[in-house]
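Me: I have a structure open and would like to learn how to read it. Can we go through it one feature at a time?

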Amino acid sequence: MISLKEGSPTWPMFGAIHPRLGILLYEFVDMLRMNGVDHVTITSLMRRKEGDSGIHELGRAVDIRLDFDHELAFALVKAINEKHPYSNNRPEMRTAIIHATDAYGDNGTHIHLQVSDE
Ligand SMILES: [Zn+2]
């Protein structure tokens with residue numbers, strides 16, 4: 001089950017996200033489910049965040065609360081990055097990132113998933 005953080009924009013926002021992000025999100029949720037995590041909270045979808053690149057606003061990034069086993073999170077992030085390179089033109093970029101700090105004023109650690117528009 002996927003739920004949204006309290007106060008977030010609601011489900012119709014999913015209609016505006018990049019198709020590859022939708023697929024990636026469901027793939028990630030499926031991987032979690034296979035590892036016994038059956039509830040996922042999205043903490044940011046298309047919200048504009050102070051100081052970020054604007055990629056959320058473009059519908060190409062989603063944040064997932066890291067309220068499950070951190071070792072599992074690291075393993076899944078690694079698997080996603082091996083399977084889905086962000087962009088051939090930008091090898092320094094990653095598709096999945098763990099944000100371990102509270103850089104944007106959200107509650108705690110989260111996984112940021114992003115897709116390129118290339
Ligand atoms: Zn993010």
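Reply: We will take confidence, overall layout, the sheet, the helices, the core and one residue in turn.

Me: What is the mean pLDDT of the protein?

Reply: This is a predicted model, and its mean pLDDT is 84, with 81% of the residues reaching 70 or more. By element, helix α2 (residues 70-83) has the highest mean pLDDT, 96, and strand β1 (residues 2-4) has the lowest, 76.

Me: How many helices and strands are there, and what pattern do they follow along the sequence?

Reply: There are 2 helices and 5 strands. Read along the sequence, they give β-α-β-β-α-β-β.

Me: In what order do the strands lie in the sheet?

Reply: The general idea is that strands of a sheet pair through backbone hydrogen bonds, either parallel or antiparallel. Here the 5 strands form an open sheet in the order β1-β2-β3-β5-β4, and the pairing is mixed. The edge strands, β1 and β4 (96-99), each pair on one side only. From one strand to the next, the twist averages 35°.

Me: Which way do β1 and β2 run relative to each other, parallel or antiparallel?

Reply: Strand β2 (residues 40-44) runs parallel to β1, and 3 bridges join them. I2 stands opposite V40 in β2. The pairing of β2 with β3 is antiparallel, over 2 bridges; there, I42 stands opposite I64 in β3.

Me: Which strands does α1 touch?

Reply: α1 packs on the sheet and touches β1, β2, β3 and β5. The direction of α1 makes about 140° with that of β5. The other helix, α2, lies across β4 and β5 and runs at about 150° to β4.

Me: How many residues does the largest nonpolar core have?

Reply: In soluble globular proteins, nonpolar side chains tend to be buried together. In this model the largest nonpolar core has 18 residues, and those with the most contacts inside it are L21, L24, L25, F28, V62, I111 and L113. The elements giving two or more residues to this core are α1 (19-34), β3, α2 and β5 (110-114). α1 gives the most, with 5 residues.

Me: Which residues does L24 touch, beyond those up to four places away in sequence?

Reply: With those neighbours left out, L24 touches H84, L113 and V115. On the scale of the whole protein, 62% of the contacts between residues at least 6 apart in sequence join residues at least 24 apart.

Me: Why is D63 counted as buried?

Reply: The cut-off is 20 or more other C-beta atoms within 10 Å of the residue's own. D63 is buried because 23 other C-beta atoms lie within 10 Å. Of the 118 residues in the protein, 24% are buried.

Me: Where is D63 found, and what does D63 touch?

Reply: D63 is in strand β3 (residues 61-65). Not counting residues up to four places away in sequence, D63 touches I42, T43, S44, H110 and H112. The C-alpha atoms of D63 and I111 are separated by 5.5 Å, although these residues are 48 apart along the chain.

Notes
Residues are numbered from 1 along each chain as its sequence is written. This is a predicted model: local features need pLDDT of at least 70, side-chain atom pairs count only at pLDDT 80 or more; totals for chains, interfaces and linings use all residues. Helices (H or I, at least four residues) and strands (E, at least two) are DSSP runs, numbered from the N terminus. A residue is buried if 20 or more other C-beta atoms lie within 10 Å of its own, exposed if 12 or fewer, and partly exposed in between; C-beta atoms are placed from the backbone. Two residues are in contact if their C-beta atoms, placed from the backbone, lie within 7 Å. pLDDT is the predictor's confidence in each residue, from 0 to 100. A nonpolar core is a set of buried Ala, Val, Leu, Ile, Met, Phe, Trp, Tyr and Cys residues joined through C-beta atoms within 7 Å. Two strands pair if DSSP finds at least two bridges between them. Axes are lines fitted to C-alpha atoms, for helices over the stretch in contact, and angles run from 0 to 180 degrees between N-to-C directions.
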